[in-house]
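Here are my notes on this one, jotted down as numbered points. Have a look at the model first, then read on.

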Amino acid sequence: MSLIADCGLRIADSKTVCPIRNPRFAIRNLLVVALIACGGSDGPRVTVTIPAGATLESAIDSLEANHVIGRPGLFRWYAKVTGLGGSLKSGVYLLRQNESWSDVVGALERGRGVEQRFTIREGLRLVEVADLAWEELRIPRDSFIAAARDPTLLAGLGVPEGTTSAEGYLFPTTYLLPQRISARELVKVMTHQFIVQWSPEWQARLDSVGMSRHQLVTLASIVESEVRYDPDRPFIAAVYRNRLDRGMRLEADPTVSYAYGRRLSRVWEKNLAVRSAYNTYLHAGLPPGPISQPGRASLAAALYPAEVPFLFFVAQPDGKHIFSTTFAEHEAAIQRVKQLKRAARAQRAQGH
C-alpha cells in the first residue's frame with residue numbers, strides 16, 4: 001500500500017470506503033488508480049471553472065470536458081476516497097490536460113485557483129507581448145521570446161518548416177494564470193488557446209479558399225494591423241485577397257513597419273525601400289509569416305472576405321476607410337482624405 005499512500009490516497013477513514021466484495025478486483029483497481037494518480041503531464045494548461053455550490057459530479061464533468069482527467073468513473077471513486085466531495089472549493093483553475101489526479105484533487109481541496117490576469121489585445125507583436133509578460137508577470141523578455149521560438153512548440157502548431165517563432169499564434173484574450181508561471185508554460189497556454197479558438201469549420205474553409213492555415217493567419221494579421229473600424233474588416237480582407245488573386249503586390253504599410261522591427265508612427269515613401277521579405281511593397285504575395293496576433297474577428301474576415309471588387313483603400317482621420325476599385329478612384333479618395341485632414345487641422349487651430 002506504500003505506492004497508494006505516496007500518491008495521497010487516504011483510506012484510514014473506513015466511512016469513506018465502500019465494502020469490498022472482491023478483494024482481488026479491488027486491489028487491481030487500487031493499483032490502477034494509484035498509477036494514474038501518480039502520473040505527470042507536460043500537457044497544455046486549460047482553464048476550468050468550478051462555480052460556487054458545484055457538486056462533485058458537475059466538477060468532474062468540467063474536468064473531463066477540458067481533458068484534465070480521463071476515466072471519470074474511476075476518478076469519481078478516487079475523489080470520494082480522498083475526501084474531495086466534502087472539501088471541493090469553487091474557483092477558476094488553470095490545470096494541465098491529463099494532469100495527475102493527486103494534483104487535481106490537491107488543487108480543488110486547497111482552492112489553488114488562478115491568481116492573476118494577463119490581457120493581450122489584438123494586433124500586438126511578439127516582442128510587445130514579451131514586454132507585457134515582463135511588466136505584468138515578471139517573465140524575462142528574452143525567456144519568453146526564446147520559448148516562442150522553441151522548435152518543439154512550433155512543430156505542435158503545424159507551421160511550415162523554417163518558421164522562426166509563434167508570431168500570430170499567441171491568441172489575444174484575457175488569461176487567468178497561476179503565480180510564477182514560466183515563460184514556456186505561458187507560451188504553451190497562449191498557443192493552445194489559438195488551437196481551441198480555431199473552429200472546425202474554418203479548417204474546412206481553408207480548402208475552398210486555397211490557403212494553408214499559416215497563410216491565412218498571416219493574412220489575418222495584416223488585416224488586424226490595418227483595421228481601426230470593426231465593420232471594415234471583411235472589406236480590407238477582400239482588398240488583399242483580390243490583390244493576391246490578381247498577382248498584385250499587397251503594398252500593406254504594416255508589413256513595412258514590421259520589417260523595421262519597430263512600430264513606425266507613419267510609413268513614409270523613404271521607408272518603402274527597406275530590404276526585407278516582409279516588405280510587401282517590394283515582394284509579391286504574402287510575407288513569410290504573421291506580423292501580429294490576429295483575433296477571431298480578423299481570422300474570420302480573412303476566411304470570409306466581403307464579395308466586393310475593391311483593390312484599394314485609404315484611411316480617413318476617423319479610422320474608417322474609403323474603398324476603391326480603380327486607381328483613379330483611389331487617387332480621388334486620397335485627395336478627399338487630405339481635404340478632411342486639412343479641415344481638421346483648421347478646426348483645431350480655431351479652437352486655440
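1. Starting with the outward side of α10: the face turned away from the buried side carries the exposed residues Pro200, Ala204, Asp207 and Ser208. Exposed here is over 50% relative accessible area, buried is under 20%, and partly exposed is in between, with a 1.4 Å probe and protein chains only. Helices are DSSP runs of H or I with at least four residues, strands are runs of E with at least two, and both are numbered from the N terminus.

2. Before going further, a word on the source: this is a predicted model, with local features needing pLDDT of at least 70 and side-chain atom pairs counting only at pLDDT 80 or more, while totals for chains, interfaces and linings use all residues. Residues are numbered from 1 along each chain as its sequence is written, and side-chain values use heavy atoms, with hydrogens and water left out.

3. Now the other side of α10 (residues 200–209), where Trp202, Leu206 and Val209 are buried. Looking down the axis, the buried residues of α10 fall within an arc of 80 degrees, so they line one face of the helix; the arc is taken from the directions from the helix axis to the C-beta atoms. Their cover includes α9 (183–197), α11 (213–226), α12 (233–245) and α14. Just after α10 comes Gly210, with a positive phi of about 70 degrees.

4. Asn279 deserves a look too. It sits in the loop between α13 (253–260) and α14 (296–303), and it counts as buried because its relative accessibility is 0%. What does the side chain of Asn279 reach at 2.7 Å? That is the backbone oxygen of Leu272, and the side chain of Asn279 also reaches the backbone oxygen of Val274, at 2.9 Å. Leaving aside residues up to four places away in sequence, Asn279 touches Thr255, Val256, Leu272, Ala273 and Val274, contact being heavy atoms within 4.5 Å.

5. On to the hairpin: β5 (residues 312–315) and β6 (residues 321–324) pair in the antiparallel sense over 4 bridges. Pairing requires at least two DSSP bridges between the strands. Val314 stands opposite Ile322 in β6. With 5 residues between the strands, the hairpin has Gly319 at a positive phi near 95 degrees.

6. Finally, the whole chain: it has 15 helices and 6 strands, and buried residues make up 45% of its 352 residues. Among contacts between residues at least 6 apart in sequence, 65% join residues at least 24 apart.

How values were computed
Polar contact = N/O pair within 3.5 Å; in protein donor to acceptor, adjacent residues only side chain to side chain.
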